[in-house]
Every structure is written in C-alpha cells, then in structure tokens.
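Got the viewer open? Here's a short walk through the model, one selection at a time.

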Amino acid sequence: MANLTLAIDDELLRRARIRALESGTSVNAAVRDFLVSFTGTSQQGATVLTLIALAADAGATSGNAGRGWTREDIYGERTGR
C-alpha cells in the first residue's frame, strides 16, 4: 500500500479530525473512502461487475420463446399427498 502526503490548512485538518472522531473513523480512512468513491473503484463495484460478466458468459437463458418447461417437468408427479 502506498503512502500519500497532503499539504492542507491546519484548521482544515483540525476540523477533519474532529469530524472523523465524531464518526468513529480516522482522517486517513475518510480520505481513502473518498478516493475510492472519487475514482469509482470499490470492492463491491468490482464484485458486481465480475458477477455480471460471469452471468453473461454462462449463457443460461430460457431462450427467445421463453420458458419451455413446466413445474411438472422439473418435479414430476409427486406421490403421497
């Protein structure tokens, strides 16, 4: 993980520390979260994109005509009821 040095106003840093403390986080974590949001790269977003790609590659569809099977085709005749 890389380190980043920022030059910011002392008063701004003081207010950021107070806000982070009130939020139960740190300035470092808040800046990191902002950069993730700013760049549009989050683990959750990457996971969703991976899932979409996997679903597209699977090719599992019901076809152009729609579903071609019935509940009975899947479960068959149930006995004992």
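Where in the chain is confidence lowest, and where is it highest? Colour by pLDDT to see, since this is a predicted model. Confidence bottoms out in H3, with a mean of 76, and peaks in H1, at 94. Over the chain, pLDDT averages 81, and 78% of the residues score at least 70.

**Whole chain, cartoon view.** Switch to cartoon and you'll find four helices and zero strands. Going along the sequence, the pattern is α-α-α-α. Now turn on the surface: about 7800 Å² is accessible, and carbon and sulfur atoms account for 55% of that. As for burial, just 2% of the 81 residues count as buried.

**Select 10-23.** That's helix H1, and the thing to show as sticks here is the pair Glu11 and Arg14, which sit three residues apart, about one turn of the helix. They make a salt bridge, with the closest N and O atoms 2.7 Å apart. Don't go hunting for others, as the structure holds one salt bridge. How accessible are the two partners? Arg14 has a relative accessible area of 44%, so it is partly exposed. Glu11, at 32%, counts as partly exposed too.

**Select 27-39.** Next comes helix H2. Try a distance between its end C-alpha atoms: you should get 18 Å, which agrees with the 18 Å that 13 residues should span at 1.5 Å a residue. Step just past the end of H2 and you land on Gly40, which takes a positive phi of about 75 degrees.

**Zoom in on Phe34 and Phe38.** Stay with H2 and show these two side chains. A search of the whole structure turns up one aromatic pair, and this is the one: Phe34 and Phe38 are stacked, 5.5 Å centre to centre with 20 degrees between the planes. Why are the two separated by about one helical turn? Because they are four residues apart in H2. Is Phe38 buried or exposed? Its relative accessible area is 62%, so Phe38 is exposed.

**Select 4, 6, 8, 12, 31, 34, 35 and 38.** Put the surface back on for this one. Leu4, Leu6, Ile8, Leu12, Val31, Phe34, Leu35 and Phe38 make a nonpolar surface patch of about 780 Å². Which helix gives the most to the patch? That's H2, with four residues. Both members of the stacked pair, Phe34 and Phe38, are part of this patch.

**Select 43-58.** Last stop: helix H3, with 16 residues. From first C-alpha to last, H3 reaches 22 Å, close to the 22 Å expected at 1.5 Å a residue. How many of its residues are buried? The number is zero, so H3 lies largely in the open. Keep the pLDDT colours on while you look, as H3 is where confidence is lowest in the chain.

Conventions: Residues numbered from 1 in each chain as written. Predicted model: local features only at pLDDT ≥ 70, side-chain atom pairs only at ≥ 80, totals over all residues. Heavy atoms only, no water. Expected span 1.5 Å × (residues − 1). Buried < 20%, exposed > 50% of the residue type's maximum accessible area, 1.4 Å probe, protein only. Phe/Tyr/Trp six-rings, centres within 6.5 Å; stacked < 30°, edge-to-face > 60°. Areas by Shrake-Rupley, 256 points an atom, 1.4 Å probe, with all protein chains shown as cover. Patch = residues over 30% accessible without salt bridge, like charges linked within 9 Å, V, L, I, M, F, W, Y side chains within 5 Å. Salt bridge = Lys/Arg side-chain N within 4 Å of Asp/Glu carboxyl O. pLDDT = per-residue confidence, 0-100.
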